[in-house]
Amino acid sequence: MTLVCSTPVKPREITSGTREWADYNVNCIKGCFNNCRYCYARIMAKRFGRCTEDTWKDMKVSDIAVQKKYGKYNGRVMFPSSHDIVDQPAVQEACFTVIQKLLEAGNETLITTKPKLSVTEGIIKRFHSFGKLIQFRFTITSLNNRLLSYWEPNAPNYEERLASLKYAYKMHFKTSVSIEPFLDYNPKILIDTVSPYVTESIWIGPMNYIPKNGLTKDDELQHTEIRKNYEIDHLRDVYTNLVDLPLIRFKDSMTNRLANPDFNHETKQACR
């Protein structure tokens, strides 16, 4: 039986891309090793010929972005938004260089990542003195490594992401979690698992682009299964079951669809 939302879902003004989370975003890499199938940046890069199915995962440092002088922004800065911070030496050092410049300029910095524990430890060790300016937002989309390995093929597994969250929490950093897109049919189990280690917020959102054409038989089965998560009645049930939890925040792509079931906006989704 479909539940009726006890709290009416009101549409919000649609924010542009990462503006739900930060006032500005900074990147220093082209491509992303994680190679997530739903990543908006990957989809757009392929569409406009900036990469192929095989080359998006080959991360290339933007020397211009690394060498740039970063001043004080008027608001929070999200880093990165279209790639991740991985343990490839050149990529990691480029990312750490940019983070250092942002922090030295006094910027409140939201570090977004599908976290590898060694990278999380490296960030905390190197930037511990800037702890008041840093908030981590770890993307943990499922408890199920089978789902993760399909949708986020090169990203760390669930256990490593959870270990990163626990470590950042233990080291007294501000922590938050993104469960977008939620890959588990019932995200409440994952929420209950991560919430003891979250100091700020847990964000929930659907997958915003699920192709129907050009799929292999195996891909078609995976895509058909994941669509069940985002059917309007199920989204309404998820919202009803989570809305009163204190840490929960819903992405605009979810609340606007619930407020208007015909709403079909594709949020520019990041790759973390």
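**A friendly note on the helices, loops and core of this model**

1. Let's start with helix α9, which covers residues 232-242. His234, Leu235, Asp237, Val238, Tyr239, Thr240 and Leu242 are its buried residues. What do they pack against? The partners are α7 (188-194), β8 (202-204), β9 (248-250) and α10 (252-259). Keep in mind as you read on that this is a predicted model.

2. One of those partners, α10, deserves a second look. The axes of α9 and α10 lie 10 Å apart, and the two helices pack at an angle of about 115 degrees. Angles of 65 to 115 degrees count as roughly perpendicular, so α9 is roughly perpendicular to α10. The crossing of these two helices is left-handed. On the α9 side you will find Ile232, Leu235, Arg236, Val238 and Tyr239, and they meet Met254, Thr255, Arg257 and Leu258 of α10. Sorted by class, this contact has 6 nonpolar, 1 polar and 2 charged residues.

3. Now compare that with another helix pair. How far apart are the axes of α4 and α6, and at what angle do the helices pack? For α4 (residues 117-127) and α6 (residues 158-170), the axes are 9 Å apart and the angle is about 20 degrees. Angles under 35 degrees count as roughly parallel, and α4 and α6 are therefore roughly parallel to each other. Their crossing is right-handed. In α4, the residues Leu117, Ser118, Thr120, Glu121 and Ile124 meet Glu160, Ala163, Ser164, Tyr167 and Ala168 of α6. That contact divides into 5 nonpolar, 3 polar and 2 charged residues.

4. Helix α3 is a good one to trace by eye. Its 16 residues run from 89 to 104, and the helix reaches 22 Å from its first C-alpha to its last, close to the 22 Å expected at 1.5 Å a residue. Which residues of α3 are buried? They are Val91, Ala94, Cys95, Phe96, Val98, Ile99, Leu102 and Leu103. As you look at that list, it helps to know that an α-helix has 3.6 residues a turn, so residues three or four places apart point the same way. After α3 comes Gly106, with a positive phi near 90 degrees.

5. Let me point you to Leu110 next, in strand β5 (residues 109-113). Is Leu110 buried or exposed? Leu110 is buried, with a relative accessible area of 0%. Setting aside neighbours within four places in sequence, Leu110 is in contact with Trp21, Arg76, Val77, Met78, Phe79, Gln135, Phe136, Arg137 and Ser176. The C-alpha atoms of Leu110 and Leu133 are 8.4 Å apart in space, while the two residues are 23 apart in sequence.

6. A second residue to visit is Gln222, in helix α8 (residues 217-227). Gln222 has a relative accessible area of 15%. The cut-off for buried is under 20%, so Gln222 counts as buried. Not counting residues up to four places away in sequence, Gln222 touches Arg146, Tyr150 and Trp151.

7. The loops hold some details of the backbone. Most residues other than glycine have a negative phi, and most peptide bonds are trans. Where are the cis peptide bonds listed here? One joins Phe79 and Pro80, with omega about -20 degrees, and Pro80 is in the loop between β4 (77-79) and α3. Another joins Glu180 and Pro181, with omega about 0 degrees; Pro181 belongs to the loop between β7 (174-179) and α7.

8. Two residues other than glycine show a positive phi, and you can look at them side by side. Asn35 has a phi near 60 degrees and sits in the loop between β2 (29-30) and α1 (40-47). His172 has a phi of about 70 degrees and sits in the loop between α6 and β7. Which of them is buried and which is exposed? Asn35 is buried, with a relative accessible area of 11%, whereas His172 is exposed at 75%.

9. Finally, step back to the whole protein. Its secondary structure comes to 10 helices and 9 strands, and 51% of its 272 residues count as buried. Among contacts between residues at least 6 apart in sequence, 81% join residues at least 24 apart.

How values were computed
Residues numbered from 1 in each chain as written. Predicted model: local features only at pLDDT ≥ 70, side-chain atom pairs only at ≥ 80, totals over all residues. Heavy atoms only, no water. Helix = DSSP H or I, 4+ residues; strand = E, 2+ residues; numbered from the N terminus. Expected span 1.5 Å × (residues − 1). Buried < 20%, exposed > 50% of the residue type's maximum accessible area, 1.4 Å probe, protein only. Axes fitted to C-alpha atoms, helices over the stretch in contact; angles between N-to-C directions. Parallel < 35°, antiparallel > 145°, perpendicular 65-115°, else oblique. Left-handed = near helix turned anticlockwise from the far one by under 90°. Contact = heavy atoms within 4.5 Å. Nonpolar A, V, L, I, M, F, W, Y, C, P; charged D, E, K, R; others polar.
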